[in-house]
Amino acid sequence: MVKTGTIDFETNGYCDIRDITPELHEKMRESGLKSGVATVFVPGATGAVTTIEYEDGNVKDFKAFWERIIPKDEFYAHNARWGDGNGFSHIRASVLGPSISIPIVEGK
């Protein structure tokens with residue numbers, strides 16, 4: 001059986017990190033599924049999804065990590081072509097990835 005649901009929300013961009021765990025728990029409860037795999041997918045070219053212990057220190061460290069390896073103030077050919085200043089966001093999202101699979105066990 002396949003069930004599909006969506007979670008809609010806005011972000012502030014530029015490495016805004018959102019905890020969607022409560023929304024995912026609610027979607028699981030609504031689905032009635034007891035076992036299987038949930039796929040979480042983020043549409044768009046600058047969004048990504050992962051798992052992380054969502055606490056202030058870890059979120060700050062995660063943002064600092066991205067700034068060290070893919071800094072926003074570097075030259076990106078994408079910015080030169082489109083002038084939108086988000087070349088770094090495209091690269092970060094492609095490294096992190098647009099989806100994750102989460103096992104469902106006993107409805108959780």
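# A walk through the chain, starting at N86

Select N86 first: it sits in the loop between α3 (77-82) and α4 (87-96). Helices here are DSSP runs of H or I with at least four residues, strands are E runs of at least two, and both are numbered from the N terminus. Before going further, note that this is a predicted model, where local features need pLDDT of at least 70, side-chain atom pairs count only at pLDDT 80 or more, and totals for chains, interfaces and linings use all residues. Residues are numbered from 1 along each chain as its sequence is written, and side-chain values use heavy atoms, with hydrogens and water left out.

Is N86 buried or exposed? N86 is buried, at a relative accessible area of 18%. The cut-offs are under 20% for buried, over 50% for exposed and partly exposed in between, with a 1.4 Å probe and protein chains only. Now show what touches N86: leaving aside neighbours within four places in sequence, the contacts are T46, H78 and N79. Contact means heavy atoms within 4.5 Å.

**Into α4**

Step along to α4 and colour G87, F88, S89, R92 and A93, which are buried. What do the buried residues of α4 pack against? Turn on α2 and α3, since those are the partners. Just after α4, click G97, which has a positive phi of about 105°.

**Zoom out**

Switch to cartoon for the whole chain. You'll count four helices and two strands, in the order α-β-α-α-α-β from the N terminus on. The C-alpha atoms fill a box of roughly 50 × 30 × 20 Å along the principal axes. Of the 108 residues, 20% are buried. For contacts between residues at least 6 apart in sequence, 66% join residues at least 24 apart.

Flip on the surface and you have about 8000 Å² exposed, with carbon and sulfur atoms supplying 53% of it. Those areas come from Shrake-Rupley with a 1.4 Å probe, and for residues only the protein chains shown count as cover.

**Before α1: two odd phi values**

Head to the segment before α1 (21-31), where you'll find Y14. Y14 has a positive phi of about 50°, although it is not a glycine. Its side of the story on accessibility is 54%, so Y14 counts as exposed. Next select C15, also in the segment before α1. C15 has a positive phi of about 70° and is not a glycine either. At 21% relative accessibility, C15 counts as partly exposed.

**Salt bridges around α1**

How many salt bridges does the structure hold? There are four, each being a side-chain nitrogen of Lys or Arg within 4 Å of a carboxyl oxygen of Asp or Glu. Here are some to pick out.

- R18 and E23: the closest N and O atoms are 2.7 Å apart. E23 is partly exposed at 24%, and R18 is partly exposed at 33%.
- E26 and R29: their side chains meet at 2.5 Å, N to O. They are three residues apart in helix α1, so about one helical turn separates them. E26 is partly exposed at 32%, while R29 is exposed at 58%.
- K27 and E30: this bridge is 3.8 Å, N to O. K27 and E30 also lie three residues apart in α1, about one turn of the helix. K27 is partly exposed at 31%, and E30 is partly exposed at 49%.

Why does that spacing work? An α-helix has 3.6 residues a turn, so residues three or four places apart point the same way.

**The negative patch**

For the last stop, select E53, E55, D56 and D61, which form a negative surface patch. Patches take residues with over 30% relative accessible area and no salt bridge, joining like charges within 9 Å and nonpolar side chains (Val, Leu, Ile, Met, Phe, Trp, Tyr) within 5 Å. Lys and Arg count as positive, Asp and Glu as negative, and His and the chain ends are not counted. Each charge is placed at NZ of Lys, CZ of Arg, CG of Asp or CD of Glu.

E55 is in the loop between β1 (35-41) and α2 (56-69), and it is partly exposed at 35%. D56 is in helix α2 and is exposed at 63%. From D56, draw a C-alpha to C-alpha distance to F75: the two are 19 residues apart in sequence and 30 Å apart in space. Finally, place the mean positions of the 12 positive and 16 negative charges of the chain, and you'll find them 4 Å apart.
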